[in-house]
Amino acid sequence: ISLAIVAGFVITVLLISHWACALLVVLNVAMVLIDLIGLMWLWDVSINSVSIINLVLAIGLAVDYSAHIAHAFMGASGTRDERMEKSLGEMGADVMHGAISTFIAVLITGTSKSYIFQVFFRQFFGICFFGMLHGIILLPVLLSLIGPPTHVKEEENVELELTSNNGEKQVATVSSEDPDDDINKAYNIPDVSNSQHAPDMAVGPTSEAMKVPESS
């Protein structure tokens, strides 16, 4: 079980590309295992070779429920709460569908008289139930409180004041990607790179002289 958790952590780090977020996912998986062992005690499932195999399988299934939410969180922009809402809106329904479809797939084993199938059904019921709840309830709360910064590079907007020759002033909001293009589109300033005449508009600090700082 320990080796499976370590392997899950390594793979999650490679896919999410952030060790802190992967650590939260592994913590979520560990909580699912604790809940599952508690369910085994309530349902009279002893620790044996059959239940141990299902516990190892539980790690892979629980990682799946949590990793999708964490990956969507790292790819969203905004504050932690906004990114948490976006990740739930993007992957929450898919996680629920995955848990429900997995449970339906093993539902038939609940009618079996075999001990192996009975243990299989009881443990997979706990895996699907606790994995889904931790993936769409516990993990989003942790991410909204102590979640790592996003992978998305957020643009920083800067306002520039444009003054025409007749004294009129206009304010243009430009981004850090292409300030010249933003000014041209916002105020219909012609492109002077291929023109023989400059427009009747003077810019105070030019975008070349005034570099917009890139967000870290």
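Visitor: What describes the way helix α2 (residues 19–42) and helix α3 (residues 49–74) meet?

Guide: In this predicted model, their axes come within 8 Å and cross at roughly 140°. Those are the two values to look for, because a packed pair of helices is described by the angle and the distance between the axes.

Visitor: Which hand does the crossing of α2 and α3 have?

Guide: It is right-handed as α2 passes α3. The α2 side of the contact includes Cys21, Val25, Asn28, Val29 and Val32, and the α3 side includes Ser51, Leu55, Ala58, Ile59 and Ala62.

Visitor: What makes up this contact, by class of residue?

Guide: The contact of α2 with α3 has 16 nonpolar, three polar and no charged residues. Asn28 and Ser51 both take part in the contact, and they count as polar because neither Asn nor Ser is on the nonpolar or the charged list.

Visitor: How do α1 (residues 2–16) and α2 compare with that description, in distance and angle of their axes?

Guide: Here the axes come within 9 Å and cross at roughly 145°. The crossing of α1 past α2 is right-handed. From α1, the residues Ile5, Phe9, Thr12, Val13 and Ile16 meet Trp19, Cys21, Ala22, Leu23, Val25, Val26 and Leu33 of α2. By class, that contact has eleven nonpolar, one polar and no charged residues.

Visitor: What surrounds these helices in the overall fold?

Guide: The protein has six helices and three strands, in the order α-α-α-α-α-β-β-α-β along the sequence. Of its 216 residues, 36% count as buried. Among contacts with a separation of 6 or more, 64% join residues 24 or more positions apart.

Visitor: Let us turn to His134. Why is it called buried or exposed?

Guide: His134 has a relative accessible area of 10%. The cut-off for buried is under 20%, so at 10% His134 is buried. His134 is found in helix α5 (residues 115–146). Leaving aside neighbours within four places in sequence, its contacts are Asn28, Met31, Val32, Asp35, Leu139 and Pro140.

Visitor: What makes Phe103 and Phe121 an aromatic pair, and which kind of pair is it?

Guide: Their ring centres are 6.1 Å apart, and rings pair if the centres lie within 6.5 Å, so these two qualify. The planes are at 40°, which is neither under 30 degrees nor over 60, so the pair counts as tilted. The pair links distant parts of the chain, with Phe103 in helix α4 (residues 80–106) and Phe121 in helix α5, 18 residues apart.

Visitor: Why do Phe103 and Phe121 fall into their accessibility classes?

Guide: Phe103 has 22% relative accessible area, so it is partly exposed. Phe121 has 15%, so it is buried. The 20% cut-off falls between the two values.

Visitor: And why do Phe129 and Phe130 get the name they have as a ring pair?

Guide: The centres are 5.4 Å apart and the planes are at 70°, so the pair is edge-to-face. The angle required for that name is over 60 degrees. Phe129, at 37% relative accessibility, is partly exposed, while Phe130, at 17%, is buried.

Visitor: How many aromatic pairs are there, and which residues do they link into a cluster?

Guide: The count comes to seven aromatic pairs. Ring pairs link Trp43, Phe103, Phe121, Phe125, Phe129 and Phe130 into a cluster.

Visitor: Why is Ile100 placed in its accessibility class?

Guide: Its relative accessible area is 41%. That value is not under 20% and not over 50%, so Ile100 is partly exposed. Ile100 lies in helix α4. The C-alpha atoms of Ile100 and Met132 are separated by 8.8 Å, with their positions 32 residues apart along the chain.

Visitor: What makes Ser17 and Asp44 worth a look in the backbone?

Guide: Most residues other than glycine have a negative phi. Ser17 has a positive phi, near 65°, and Asp44 has a positive phi of about 60°. Ser17 is found in the loop between α1 and α2, and Asp44 in the loop between α2 and α3.

Visitor: Why do Ser17 and Asp44 carry the accessibility labels they do?

Guide: Exposed needs over 50%. Ser17, at 49%, does not reach that, so it counts as partly exposed. Asp44, at 68%, is past the cut-off and therefore counts as exposed.

Key: Residues numbered from 1 in each chain as written. Predicted model: local features only at pLDDT ≥ 70, side-chain atom pairs only at ≥ 80, totals over all residues. Heavy atoms only, no water. Axes fitted to C-alpha atoms, helices over the stretch in contact; angles between N-to-C directions. Helix = DSSP H or I, 4+ residues; strand = E, 2+ residues; numbered from the N terminus. Left-handed = near helix turned anticlockwise from the far one by under 90°. Contact = heavy atoms within 4.5 Å. Buried < 20%, exposed > 50% of the residue type's maximum accessible area, 1.4 Å probe, protein only. Phe/Tyr/Trp six-rings, centres within 6.5 Å; stacked < 30°, edge-to-face > 60°.
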